[in-house]
Amino acid sequence: MTTIVLDIEGTTSSTESVHVGLYAYARPRLGPHIDAHHDDPVVRAALAEIGADDTGAAVRVLHGWMDGDVKATPLKTLQGRIWAEGFAAGELTAHFFPDVPPALRAWHAAGHRLAVFSSGSVASQRPWFAHAADGDLSALVGHWFDTVNAGPKREPVAYERIAGTLGDPAGLLFLSDVPAELDAAAAAGWRTTGVRRPGEPNAATPFDPHPVIATFEEVRP
């Protein structure tokens, strides 16, 4: 039995669906969400990490991070809450490459465990998988990891922490479109496979020494 750990952007789903669709949805809602939940401990903690004195200052920092594609934890936390509300309201639908849902279902049926490790918060990962166009995929996933509960995706320590939960690194297979993430996973003793999706940002990036696939149909757990 293999545990297959999935990246999201560029791997299961198009980068555009996140950076255009979800980012555009969250951007105008950051300020109103902060104001509406200012006393929520999660929001208060995010504001403390940002170091802003008021909502306007916080939003300026958050928008700057969005513009620079900075994987900052407070941004990911707040975006995740906003996206979860959008999915629950039926205003958002997740995008998955056509080969992904049948592969996830086949792997799960064959007894392989599935997990997700994304820079997006766990709060956004679950509704993303629950609101796929062709049905709820979240029930197939047993574990969810982000940069808060695991660590930076380009550092081996994150994969060592995940292995502490999932078990023997030799039984873990990480699928990602980012070579630096694959390098970090391999350094922690994981099996790795690069995902080269046409039209994605890393489509022309060298993946050596990692094996490379174009669709999940090519994965051999």
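Accessible areas come from the Shrake-Rupley method with a 1.4 Å probe, and for residues only the protein chains shown count as cover. This is a predicted model, in which local features need pLDDT of at least 70 and side-chain atom pairs count only at pLDDT 80 or more, while totals for chains, interfaces and linings use all residues. Residues are numbered from 1 along each chain as its sequence is written, and side-chain values use heavy atoms, with hydrogens and water left out.

**Exercise 1. Surface and overall form**

Task: Find how much area the protein exposes, and work out why its radius of gyration agrees with that of a compact globule.

Solution:
- Step 1. Start with the surface: the protein exposes about 9500 Å², and carbon and sulfur atoms supply 54% of that area.
- Step 2. Take the globule rule, 2.2 Å times the number of residues to the power 0.38, with the radius of gyration taken over C-alpha atoms.
- Step 3. For 221 residues the rule gives a radius near 17 Å, and the protein has 17 Å, so the two agree.
- Step 4. Now look along the principal axes: the C-alpha atoms fill a box of roughly 50 × 35 × 35 Å.
- Step 5. Finally, 52% of the 221 residues count as buried (buried means under 20% relative accessible area, exposed over 50%, partly exposed in between, with a 1.4 Å probe and protein chains only).

**Exercise 2. Aromatic pairs**

Task: State how many aromatic pairs a search of the whole structure finds, then describe the pair of Phe96 and Trp128.

Solution:
- Step 1. Learn the rule: rings of Phe, Tyr and Trp (its six-membered ring) pair if their centres lie within 6.5 Å; planes under 30 degrees apart count as stacked, over 60 as edge-to-face and the rest as tilted.
- Step 2. The search finds 11 aromatic pairs.
- Step 3. One of them joins Phe96 and Trp128, with 6.1 Å centre to centre and 45 degrees between the planes, which makes the pair tilted.
- Step 4. Place both residues, remembering that helices (H or I, at least four residues) and strands (E, at least two) are DSSP runs numbered from the N terminus. Phe96 sits in the loop between helix H5 (73-88) and helix H6 (100-109), and Trp128 in helix H7 (residues 122-130), 32 residues apart.
- Step 5. Phe96 and Trp128 are both buried.
- Step 6. Zoom out: ring pairs link Phe87, Phe96, Trp128, Phe129 and Trp144 into a cluster.

**Exercise 3. Leu75 and its contacts**

Task: Decide whether Leu75 is buried or exposed, and list which residues it touches.

Solution:
- Step 1. Find Leu75 in helix H5.
- Step 2. Its relative accessibility is 0%, so Leu75 counts as buried.
- Step 3. Contact means heavy atoms within 4.5 Å. Leaving out residues up to four places away in sequence, Leu75 touches Leu62, Trp65, Met66 and Val70.

**Exercise 4. Backbone angles**

Task: Say what is special about the phi of Asp69 and which bond joins Asp208 and Pro209.

Solution:
- Step 1. Recall the usual case: most residues other than glycine have a negative phi, and most peptide bonds are trans.
- Step 2. Asp69 is not a glycine, yet its phi is positive, about 50 degrees.
- Step 3. Asp69 lies in the loop between H4 and H5, and at 33% relative accessibility it counts as partly exposed.
- Step 4. A cis peptide bond joins Asp208 and Pro209, with omega about 5 degrees.
- Step 5. Pro209 is in the loop between S5 and strand S6 (212-213).
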